[in-house]
Amino acid sequence: MDELLQDFLEETNEALAAVDVELVRFEREPENADALAHIFRLVHTVKGSCGFIGLPRLEALAHAAETLLDRLREGALKPTAAIVTETLAAVDAIRVITTALANDGSEPVGDDSALITRLEQLSDGQEPVSLSAPESADIQAAPEAGSVRVAVELLDELMSGVSELVLTRNQILNERRAGTDTLHQRLSTQVGQLQDAVVRMRMQPIDGAWRMLPRLVRQLSVDLEKPLDLVMSGGETELDRQMLAALRDPLAHMVRNAADHGIESQAERASAGKPATGRITLAASQEGGHIIVTLSDDGCGLDLQSLREKAVATGVMSRREARTASETRLGQLVFAPGLTTATEITPVSGRGVGMDVVRANLESVGGSIDISSQAGVGTTFTLRLPLTLAIMPALLVGCAGQRFAVPQVAVAELVSIGSESQHELEMLGDTLALRLRERTVPVLDLRQRFALTGDDEARHVLVMRGRGAKWGLVVDEVFDTEELVVKPVSPAVAATDVYAGQAVLGDGRSILILDAQALGTDIVEFDAVAAITDNDVGTMQTATDPIMLFRADGDPRPRAVPVNLVARIEDITPERIERAGDGFVVQLQGKLVPLIGLARDADLSRSTAALLFVDGEAAIALAVDAVNDIVEADVRLDIGSDEECRLGTAVIEGRATELIDVGALFSRAVPGASTMVTEADSQPRLLVVDDSSFFRNMLTPLLSAAGYRVTAVPSVDEALELRNSGSRFDLILSDIEMPEKTGLDFARAVREGGAWTATPLVALSSKADEADMDVGMAAGFDRYVAKFDRQRLLGLIDTSLRLREGKAA
Amino acid sequence: MTQYVTMALADQHLAVDVMAVEDVLRPAALTPVPLAEDWVRGITNVRGQVVTVVDPAIRLGLSEAAEDELRARCVVVRHDGDVYGLLVDDVGDVTTRDEDAIESTPIALGSAWAPYTSEILRTDGIPHLILDVAALLGTTEGLA
């Protein structure tokens, strides 16, 4: 049912329930002004709402009743028995109609003209000829409400109560670390469920914040004389009502900007060969504990030249800096106070509110905003918001013996530094920097920034995201994550400008929460070291995927593998394990399966848990110490890891977690299963374009095990970005069905021009009939293969590459 | 009838309206606040509330901020929605105000305390400056 109608019915049913008492009073004491006022309010509200949502029958009836009651209130009429009777009849009729509305979603068919006529006659001071038969209307109890209205303050109170309860729970659990006590476990679970329920209670669909946007766009379309289209998706994504309120104005402002500055004039679009109608796309989705909102337009992109000039004119950059600044850095200027990309201020967006205010609003609720733009193609803003304000997942870090909390939303990655790590800090001029995947990230040493003294060794860099740039924060230790109930700091502490809040930890100590944005400002915005963007090449971004976390090798650091790849978890009893050469095998369902991950001198007298991976005929079992959890995580991992059997490190649930390369495990344990090529340079390079993270997860290890170097991206745009940034591949595999740009669009774009025109293009499709194939070939694909047909896929890649070599030779 | 908690700080006897005092405790488990003023000695958890612990004597220039040296007592007061702990050397009794025992402070009170007091409470012959907590913390806010 329409949400508006739902609201209306709830409101009306409540009013109807309350008015019953007043009706009785009104009947007994027609002079009682209080009772009259109540009834009047009811019909008045009903009438007002009806007109709004289009309920003509109800509206006509309520209008007639309102007119009569209004005359009574004014004192123009004296209440008579006839008036009382007809008023009761009118309220009953309203009840009947709303009941039917609740059941069917539409007004029931019926004729109230006789009743309305009588009400009108009474209003005019006439006695009607006939009266309504008392209780003529069917008196039904109001339908059981599926929801109740609760005062927002009460909800807030409940939320803070539960937040404190969570805290107390954490403290109790902390004191009894053992955690084996069933009572404590029950308490823990129950409090967790309660917290979840309260958080959900405060959640509202995000479309509440953008419901007014279609109208705004229509209006803008008229004002600006540009045909505009607003495409919205993910409106059902829910977030905390407080977040919703914080989002409303920034979104409207950004839509206005997109329409005004982003999308070109009709003439410009025509000469650029673009569709006449400009398109603004708004999408929301949940990724882990965050809500991602993207707002894109298909306009001209940022005017970098004008940004450069403005930056110099306002003194934000020197002329030299402006000339050499990266696009990302220039893009960030949009958020600088006083800088606007519009060459002239128009009545539409020249309202004195800049993107700096938008960013400040979002950051005040723990969110962030980034911009990316491509000349002639459009601009996209990406907003990241926490699901809820009150409880914040944070990473606890140590520096010089003191602990600090860092909001998890700000941490993109965790990197170890020091002698045993491949990462090292280096000095660039007088700035400390970290080399990360061929990029240089400026870093801030927390110890230095805070003038702390202590002998601990700096061992970790938190790679922080925000404001379009990455930067590193050097700390000594990284502890656990904890859910913090954030409390504001007093002015004496706030004066430092580096703390976003304070909290009490499970162990009872108080802790300061670092303001990541404020600390980052020190080094990112005022530093000439090029900040790297979130889109670094070589980073594979998988959306939220179920990830299994486990521990192995007695190493307390968590490891992870996509759940999709685990066939099952086996409990392996000692008698099933046999030594075989240097390793072990285990009997599973009558077959001998290599058991890996056990030390040579492993204690074979105890059972061990093992993850079973199955790949066609081959299977391997990976011994683990414990399976800890399955989480939905936003995993960003470094696929360029040099270590065998390891895809890279990702921050999952705030902890540095090693992602296991299942494909490599196979190639090592089952030599026959793959044709592992050792020389990386001789390995053909493949690009996989697929929006489904499941297939990316599946294909990447599969293809690397088959001897290819694989890069996987989730969208056509990212693939084309790789092309434009100079990446070369020997073969490209692309999905056909993808949101926004499809595989067919991709094939056309590849064949149209650029460096990839001659690269073999293989279509991956879940449905491959002849007609589809013809369309695919016409678009520029060379081959077609069904997604699940592994053997054929590998064979086809092989053939295609051979053909290509033949051509080249 | 007003009651006062008497206390001593940096050789000065002070008195604070008992209604303003939420708690008196030994300062413990302080989390330092890097980059804050030296008189902000840290934050601490008092029954689930995070309290900003300040040393008024350091704030008023009556003593130096010595590393790792806290005063013996912490008087917890609420000001403008935030909870503060005032560090003092000693906390005495709760004294009921006796009208005769209240005097105006000498106009020329040549002390750093002068802006934060206007009356003296005399008990057992000892003069206690009645401290205006709001004024004291209001100032710290302004100067922070």
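The following paragraphs walk through the overall makeup of a predicted model, one of its sheets, an enclosed strand, its salt bridges and a surface patch.

Because this is a prediction, local features are reported at pLDDT of at least 70 and side-chain atom pairs at pLDDT 80 or more, while totals for chains, interfaces and linings use all residues. Residues are numbered from 1 along each chain as its sequence is written, chains are lettered from A and ligands numbered from 1 in the order in which they are written, and side-chain values use heavy atoms, leaving out hydrogens and water.

Chain A contains 24 helices and 34 strands, where helices (H or I, at least four residues) and strands (E, at least two) are DSSP runs numbered from the N terminus. Half-way figures appear twice in the overall picture. Of the 809 residues of chain A, 50% are buried, a class that means under 20% relative accessible area, with exposed being over 50% and partly exposed in between (1.4 Å probe, protein chains only). The chain exposes about 37,700 Å², and carbon and sulfur atoms supply 50% of this area; accessible areas come from the Shrake-Rupley method with a 1.4 Å probe, and for residues only the protein chains shown count as cover. Among contacts (heavy atoms within 4.5 Å) in chain A with a separation of 6 or more, 66% involve residues 24 or more positions apart.

A good place to begin looking is an open sheet of 5 strands in chain A, with mixed pairing and the order E2-E4-E5-E7-E6. Strands E2 (228–233) and E6 (368–374) of chain A stand at its edges; each has a single partner strand, so one side of each is left without a neighbour in the sheet. On average, neighbouring strands of this sheet are turned by 15° against each other, direction ignored. Helix H15 (residues 355–364) of chain A packs on the sheet, where it touches E6 and strand E7 (378–386) of chain A, and its direction makes about 140° with that of E6(A). For such angles, axes are lines fitted to C-alpha atoms, for helices over the stretch in contact, and the values run from 0 to 180 degrees between N-to-C directions. E2(A) runs parallel to strand E4 (residues 278–287) of chain A, joined by 6 bridges; two strands pair if DSSP finds at least two bridges between them. Within this pairing, A:Asp229 has A:Arg279 of E4(A) as its bridge partner.

Strand E15 (residues 469–475) of chain A offers a view of the interior. What share of its residues is buried? The count is 7 of the 7, so strand E15 of chain A is largely enclosed by the rest of the structure. In a regular strand, side chains alternate between the two faces of the sheet. Here both faces of E15(A) are covered: A:Ala469, A:Trp471, A:Leu473 and A:Val475 are buried on one side, as are A:Lys470, A:Gly472 and A:Val474 on the other. E15(A) pairs in the parallel sense with strand E13 (residues 439–445) of chain A over 3 bridges, and A:Leu473 in E15(A) is the bridge partner of A:Leu444.

Side chains of opposite charge can pair when their charged atoms come close. The whole structure holds 17 salt bridges over all chains, each being a side-chain nitrogen of Lys or Arg within 4 Å of a carboxyl oxygen of Asp or Glu. One of them joins A:Arg118 and A:Glu86 (3.2 Å, N to O). This pair links distant parts of the chain, with A:Arg118 in helix H5 and A:Glu86 in helix H4 (residues 81–104) of chain A, 32 residues apart. Both A:Arg118 and A:Glu86 are buried. Another salt bridge connects A:Glu164 and A:Lys487 (3.0 Å, N to O). A:Glu164 sits in helix H6 of chain A and A:Lys487 in the loop between strand E16 (477–485) and helix H17 (491–494) of chain A, 323 residues apart. A:Glu164 is partly exposed at 29% relative accessible area, whereas A:Lys487 is buried at 15%.

The surface, finally, carries a nonpolar patch formed by A:Val148, A:Val150 and A:Leu154, with about 280 Å² of accessible area together. Patches are made of residues with over 30% relative accessible area and no salt bridge, joining like charges within 9 Å and nonpolar side chains (Val, Leu, Ile, Met, Phe, Trp, Tyr) within 5 Å. A:Val150 lies in the loop between helix H5 (113–123) and helix H6 (152–175) of chain A and, at 39% relative accessibility, is partly exposed.
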